[in-house]
Amino acid sequence: DTVYGSSEDLLIELHTNFKRNFSVFSLGLEFSAGYYSKPSDKAIINSKLQVTYGKAGVQLALDNLWSKEPYVVPYVSGGVYGTYFRETQLKLAHNGTTEAAFYVTGGLMFDIDWLDPLSATSAYFESGIENTFLFVEASYFFFSLYPQDPDFEGYNYNAGIKMEY
């Protein structure tokens, strides 16, 4: 926080989930990879931080609450994450990895297929897309159990689009 300030920059994340549907809910295995880059906020310190991370966990989604379409889907997930970081200042660089630490996530997905049923049906038959969602979520990344690791503990807020095949 001292050098890089608050995090208003975008994080890019690719996420995949392999799930098994049950009568009211689904259980899934999730895997994610993300990338973040931010220059320092202080003019006196000309540095840049780059962070790449990977997550693996399980997800519980209540995606069969509605009879026809999953209009709103609450979900929770949790698992472990690891981070590779690189901090550069002029020609100096400090990089490394963190040990695995825990994370938890909670969010809501909003089905948008009902807005244009004709396009949704076409997407299903042409590409196998069963549902398309807009989502919002909040994750909490716990501090690594190893004191020598950098502190990546804190909240992360995400919004985006998910497609279900």
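In the predicted model, Leu145 is located in the loop that connects strand S7 (131–141) with strand S8 (154–164). With a relative accessibility of 73%, Leu145 is classed as exposed, because the cut-off for that class is over 50%. Along the chain, Leu145 and Ala100 are 45 residues apart, and a distance of 8.3 Å separates their C-alpha atoms.

The loop of Leu145 belongs to a protein chain that contains one helix and eight strands. In sequence order, these elements give the pattern β-β-β-β-β-β-α-β-β. Along the principal axes, the C-alpha atoms of the protein chain occupy a box of roughly 55 × 30 × 25 Å. The protein chain has 165 residues, of which 31% are buried. When contacts between residues at least 6 apart in sequence are considered, 61% of them link residues at least 24 apart. The protein chain has an accessible surface of about 10700 Å², and carbon and sulfur atoms account for 62% of this area. The charged side chains comprise 10 positive and 20 negative ones, and 6 Å lies between the centres of the two sets.

A second loop position is Leu90, which is placed between S4 and strand S5 (92–97). Leu90 is exposed, because its relative accessibility of 75% is over 50%. The backbone of Leu90 has a phi near 55°, which is a positive value in a residue other than glycine.

In soluble globular proteins, nonpolar side chains tend to be buried together. The largest nonpolar core of the model consists of six residues, namely Ala61, Val73, Tyr75, Met109, Phe133 and Phe135. Two or more residues of this core come from each of strand S4 (72–89) and S7. For Ala61, contacts beyond the neighbours within four places in sequence are made with Phe25, Ser26, Val73, Pro74 and Tyr75. Val73 and Tyr75 thus appear both among the contacts of Ala61 and among the members of the core.

Strand S3 (residues 47–61) includes Gln59. Gln59 is a buried residue, because its relative accessibility of 8% is under the 20% cut-off. The side chain of Gln59 is joined to that of Asn17 by a polar contact of 2.5 Å. Apart from residues up to four places away in sequence, Gln59 touches Asn17, Ser26, Leu27, Gly28, Glu30, Tyr75, Val76, Ser77 and Lys162. Tyr75, one of the residues touched by Gln59, is also a member of the largest nonpolar core. Ser26 is likewise listed for Gln59 and for Ala61.

Gly107 is part of strand S6 (residues 101–111). The relative accessible area of Gly107 is 14%, under the 20% cut-off, and Gly107 is therefore buried. Once neighbours within four places in sequence are set aside, Gly107 is in contact with Val73, Pro74, Tyr75, Val136 and Glu137. Val73, Pro74 and Tyr75 are also in contact with Ala61. Between Gly107 and Asn158, the C-alpha to C-alpha distance is 9.0 Å, while the two residues are 51 residues apart in sequence.

Terms used: Residues numbered from 1 in each chain as written. Predicted model: local features only at pLDDT ≥ 70, side-chain atom pairs only at ≥ 80, totals over all residues. Heavy atoms only, no water. Helix = DSSP H or I, 4+ residues; strand = E, 2+ residues; numbered from the N terminus. Buried < 20%, exposed > 50% of the residue type's maximum accessible area, 1.4 Å probe, protein only. Contact = heavy atoms within 4.5 Å. Areas by Shrake-Rupley, 256 points an atom, 1.4 Å probe, with all protein chains shown as cover. Lys, Arg positive; Asp, Glu negative; His and termini not counted. Charge placed at Lys NZ, Arg CZ, Asp CG, Glu CD. Polar contact = N/O pair within 3.5 Å; in protein donor to acceptor, adjacent residues only side chain to side chain. Core = buried A, V, L, I, M, F, W, Y, C linked by side-chain atoms within 4.5 Å.
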